[in-house]
Amino acid sequence: MQRHRQWSLVLAAWSVPGVISALSAVAFMPSAERGKALLPVLGISLAGWWTWALLTPGILWMQRRYPIERGSVLRVAPAHAVGATIASLIYVGASLGTALLMFAPVRSEPLAILTRSYVTSRLPIGVLLYAAVIGIGTAVAERRQRLQREVQSAQLREELALAQARALQAQLQPHFLFNTLHTIGLLVAENPATAQRTLLRLGDLLRRTLALSETPSIALRDELAVLHEYLAIETTRFGDRLHVVVDVPEALLGRRVPSLILQPLVENALRHGIARLMSGGVLRLAADEVGDRLLLIVEDNGPGLAAEPAPAGGHGLAATRRRLAVLHGTAAALEISRRPDGGTRVCIELPVSDA
């Protein structure tokens, strides 16, 4: 239905100049000839303009296949030159053929002269009409792309705000905040210096998170810096029960990643993995680059999400997947799996991008 409607609009759009040009031509004829000439002239005019209605899908395909963009004009010019010539010759042929059929009984001009007249007069017009369709198609495509970018930008801002809210919620929720404050309270008498450092780290963590309110993506080194503050507090609370291993090559620290993308993964690893082990465990943060793909890995050696009924994860992982889809579409992925020696492995795959 939609395609039929589009075709109707295209045909109507090309009919308007056909009718106008036919009426204009008839208006200059003697009044005695207007009645007889109206239908033949209208037929010839509409035949030519309706030919452009049939050519429009092909021309728009050329516009998509060879888009005219900054820096690509010289590269696509030959293709459009061929396309304009072919479309114009079809236009000339359709107009000439219709004229021969309608005026065959009264035609006095030799065929060669009539053909040359149509070629010289209508071929340049055909080139201009081809260029006009290409221009309109380019403008419509750019507008569509701009609207898509605006929609994606709005979705990204919404997802980022949701991620920030979840990150702050994770940091301020009772089990984290109360445990941290309880730890600080115990340390005030036993180790005042450590208590003060923990309190300062809590403030730094909240300040760093709030500073990312307008930042969709950051360098990997900055993402790890936020996690460092978070894990420093958790290390103070877990003590020797938490061992953190960071395996990120120096060369990858400048790669760009979505801000706060690792926060929910690390929190899941601590809550569902390390916290369930009486003797504690190991949390590993790693990064690798395979071709044009950046891999971000969070692992723990506890029972973790792999022991849950729904290994796909809860709200945190679902929000992370949505953010990746908004940022990179199908070019990004999040996979969760069981580690062979126990525990959970979460891997985010991103296109490589430098900060």
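**Nonpolar cores and aromatic contacts in the predicted model**

Of the 355 residues in the protein chain, 39% are buried. The structure is a predicted model, and its chain is composed of nine helices and seven strands. The accessible surface amounts to about 19,900 Å², with carbon and sulfur atoms contributing 62% of this area. Contacts across the sequence are mostly long in range: when residues at least 6 apart in sequence are considered, 75% of the contacts join residues at least 24 apart.

The largest nonpolar core comprises 38 residues. Within this core, the residues with the most contacts are Leu262, Val266, Leu296 and Ile348. Both helices and strands contribute to the assembly: at least two core residues are supplied by each of the helices α6 (192–211), α7 (220–238), α8 (263–272) and α9 (315–328), and likewise by each of the strands β4 (281–290), β5 (293–300) and β7 (344–351). Helix α7 provides the largest share, with eight residues. The surroundings of Leu262 were examined beyond its neighbours within four places in sequence; on this basis Leu262 is in contact with Glu223, Leu224, Leu227, Leu296, Val298 and Ile348. Two of these partners, Leu296 and Ile348, are themselves listed with Leu262 among the core residues with the most contacts.

A second core, separate from the one described above, contains 15 residues, including Trp14, Ala79, Ala84 and Val133. Trp14 also takes part in aromatic contacts, belonging to one aromatic cluster together with Trp49, Trp52 and Tyr91.

Three aromatic pairs were identified in the model. One of them is formed by Trp14 and Trp52, whose rings are stacked, with a centre-to-centre distance of 6.1 Å and an angle of 25° between the planes. This pair links distant parts of the chain, as Trp14 lies in helix α1 (residues 2–27) and Trp52 in helix α2 (residues 31–65), with their positions 38 residues apart in sequence. Both partners are classed as buried, the limit being under 20% relative accessible area. Trp14 falls below this limit because its relative accessible area is 13%, and Trp52 does so because its value is 0%.

A further contact involving an aromatic ring is found at Arg65, which lies over the face of Tyr66 at 4.9 Å from the ring centre.

Note on methods
Residues are numbered from 1 along each chain as its sequence is written. This is a predicted model: local features need pLDDT of at least 70, side-chain atom pairs count only at pLDDT 80 or more; totals for chains, interfaces and linings use all residues. Side-chain values use heavy atoms; hydrogens and water are left out. Rings of Phe, Tyr and Trp (its six-membered ring) pair if their centres lie within 6.5 Å; planes under 30 degrees apart count as stacked, over 60 as edge-to-face and the rest as tilted. Helices (H or I, at least four residues) and strands (E, at least two) are DSSP runs, numbered from the N terminus. Buried means under 20% relative accessible area, exposed over 50%, partly exposed in between (1.4 Å probe, protein chains only). A charge sits over a ring if NZ of Lys or CZ of Arg is within 6 Å of the ring centre and within 35 degrees of the ring normal. A nonpolar core is a set of buried Ala, Val, Leu, Ile, Met, Phe, Trp, Tyr and Cys residues joined through side-chain atoms within 4.5 Å. Contact means heavy atoms within 4.5 Å. Accessible areas come from the Shrake-Rupley method with a 1.4 Å probe; for residues, only the protein chains shown count as cover.
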